[in-house]
Amino acid sequence: MTELSNDNSKIAGVVDVIRTKRDGGRLSDAQIDWTIAAYTRGEIADEQMSALAMAILLRGMDTGEIARWTAAMIASGERLDLSGVPRPTVDKHSTGGVGDKITLPLTPLVAACGAAVPQLSGRGLGHTGGTLDKLESIPGWRAEVTNARFVSQLRDVGAVICAAGDGLAPADRKLYALRDVTGTVEAIPLIASSIMSKKIAEGTGALVLDVKVGTGAFMSSVADARELARTMVDLGHAHGVRTVALLTDMSTPLGRAVGNAVEVTESVEVLAGGGPADVVALTLALAREMLDAAGLPDADPAAALRDGRAMDTWRAMIAAQGGDPHAPLPVAAEAELIRADRDGYLAAVDARLIGLAAWRLGAGRARKEDPVSAAAGVILHRRPGDAVRAGDPIVELRADDPARIADVAPDIVAAIGPTGGIRIADQPPSAPDLVLERIG
């Protein structure tokens, strides 16, 4: 029998891993460690890792596999040491939603209350927006921060929102982008390991998870969201990170703005003491959880919004990363209003419908290397519960390219109706619960 060359051995190895998971088998610790290390080194091609990711999506992983996969992701790079930061550290992560700009006002708000928030964030995934894409609409703002600068900014400002450095869980950096374009975003083991590997490696002492549930979330059922939340909470506790999760509703977009610059604008409104009620309510709910987890249960985040401390921290945080917090934000060249076809009450606005519309208008990406438009997005002129009259504007589409609006507008118009994604009813709907459950 002819011995395989080194390259052929690697190919045979990854194919064996793919087949094992494809056929419903359990990956051994050695297989997982080798796979993550080899992918990080570039010895496993993207198409091979795509096949494995799809097998994991379809076949799942048990608790031991997920724990080992996460540990291997952490071990693929370095771990930050935040012991020199004089404040208690606490981070927050959202699993992704439509109009979910909560990280933007929340991070400076919690910092203004005395904690340090080392917020590692990501790009948009599928129909959900990315925090870094939103912040990059601010002139001069930089997502990349060195480890030394990361720690010093936590000491000086108390808040950092940035991309994970190249040395922090580099395996996840590669896999994160791949999942976005291969239909494997929803795999619970990959979501949990992706989030927790970065959060554990960043060195935070506590973590609050915002696990979205509904049509606009990657987890459309409460059962799936609960499974993801419990998986991540257990991973956090196993690595010594105090972790709690909130299951929150994502059947309707958060706030009125969906996009990049438009969400930054709305976030600043919240920091100024205004903004949509649902965005304010969720920001405060998560802030209280974070402050409690950080050992600051008596801090009052609502007061920090009212008295301007949170806004001051926002401006300092943006300026520390090269941004101009006072600069005007990009505005789309084209806009079109979609209007109500009859009198009534807006009963529902499907989050996934709006998220996909914003993505198609240019606010998201179809391939991992695609740029995004800072100005594109959707504005909701009415929210569920609002009274409307025929001809009132409901949805505003914004884009740099009029062809994108022409492509999206018919689908939004078609969604308006008694059974569509945008429903107008004779009676106002009952208000949904924003926070559905607490785990941890």
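These exercises walk through confidence, cavities and nonpolar cores in a predicted model.

**Exercise 1. Find out how far the predictor trusts this chain, and where pLDDT stays under 50.**

Step 1. Start with the whole chain. Its pLDDT averages 93.
Step 2. Check the spread. A score of at least 70 is reached by 96% of the residues.
Step 3. Look for the weak stretch. Residues 1-5 stay under 50.
Step 4. Count what this stretch touches. The model gives residues 1-5 2 contacts beyond four places in sequence.

**Exercise 2. Locate the largest cavity and describe its lining.**

Step 1. Count the cavities. There are 2 of 30 Å³ or more.
Step 2. Take the largest. It holds about 120 Å³ of space.
Step 3. Find its centre. Of the 21 lining residues, His127, Thr128, Gly129, Ala363 and Gly364 are the closest to it.
Step 4. Ask which elements give two or more residues to the lining. They are strand E6 (257-259) and helix H15 (351-363).
Step 5. Pick out the largest share. Helix H15 provides it, with 4 residues.
Step 6. Sort the lining by class. It has 12 polar, 6 nonpolar and 3 charged residues.

**Exercise 3. Do the same for the second largest cavity.**

Step 1. Give its volume. About 50 Å³ of space lies inside.
Step 2. Name the lining. It consists of Leu80, Leu120, Val145, Asn147, Phe150, Cys162, Ala163, Gly165 and Leu168.
Step 3. Assign elements. Helix H7 (147-156) supplies at least two of the lining residues, and so does strand E3 (159-163).
Step 4. Sort by class. Here 7 residues are nonpolar, 2 are polar and none is charged.

**Exercise 4. Trace the largest nonpolar core and the contacts of Val395.**

Step 1. Get the size of the core. It has 76 residues.
Step 2. Find the residues with the most contacts inside it. These are Val110, Trp314, Val378, Val395 and Leu397.
Step 3. Ask which helix gives the most to this core. Helix H12 (residues 277-293) does, with 9 residues.
Step 4. Zoom in on Val395. Set aside its neighbours within four places in sequence. Val395 then contacts Glu336, Leu337 and Ile338. It also contacts Val378, Ile379, Leu380 and His381. Ile412 and Ile422 complete the list.
Step 5. Link the results. Val378 is a contact of Val395, and both are among the residues with the most contacts inside the core.

**Exercise 5. Describe the second core.**

Step 1. Give its size. This separate core has 61 residues.
Step 2. Name some members. Among them are Val17, Val151, Leu168 and Leu178.
Step 3. Look back at Exercise 3. Leu168 also lines the second largest cavity.

Notes. Residues numbered from 1 in each chain as written. Predicted model: local features only at pLDDT ≥ 70, side-chain atom pairs only at ≥ 80, totals over all residues. Heavy atoms only, no water. pLDDT = per-residue confidence, 0-100. Contact = heavy atoms within 4.5 Å. 1 Å grid on protein atoms, 1.4 Å probe; cavity = no way out; pocket = protein on both sides within 12 Å on 5 of 7 lines; lining within 4 Å. Points joined across faces, edges and corners; volume = space filled by probe spheres on them. Nonpolar A, V, L, I, M, F, W, Y, C, P; charged D, E, K, R; others polar. Core = buried A, V, L, I, M, F, W, Y, C linked by side-chain atoms within 4.5 Å. Buried < 20%, exposed > 50% of the residue type's maximum accessible area, 1.4 Å probe, protein only.
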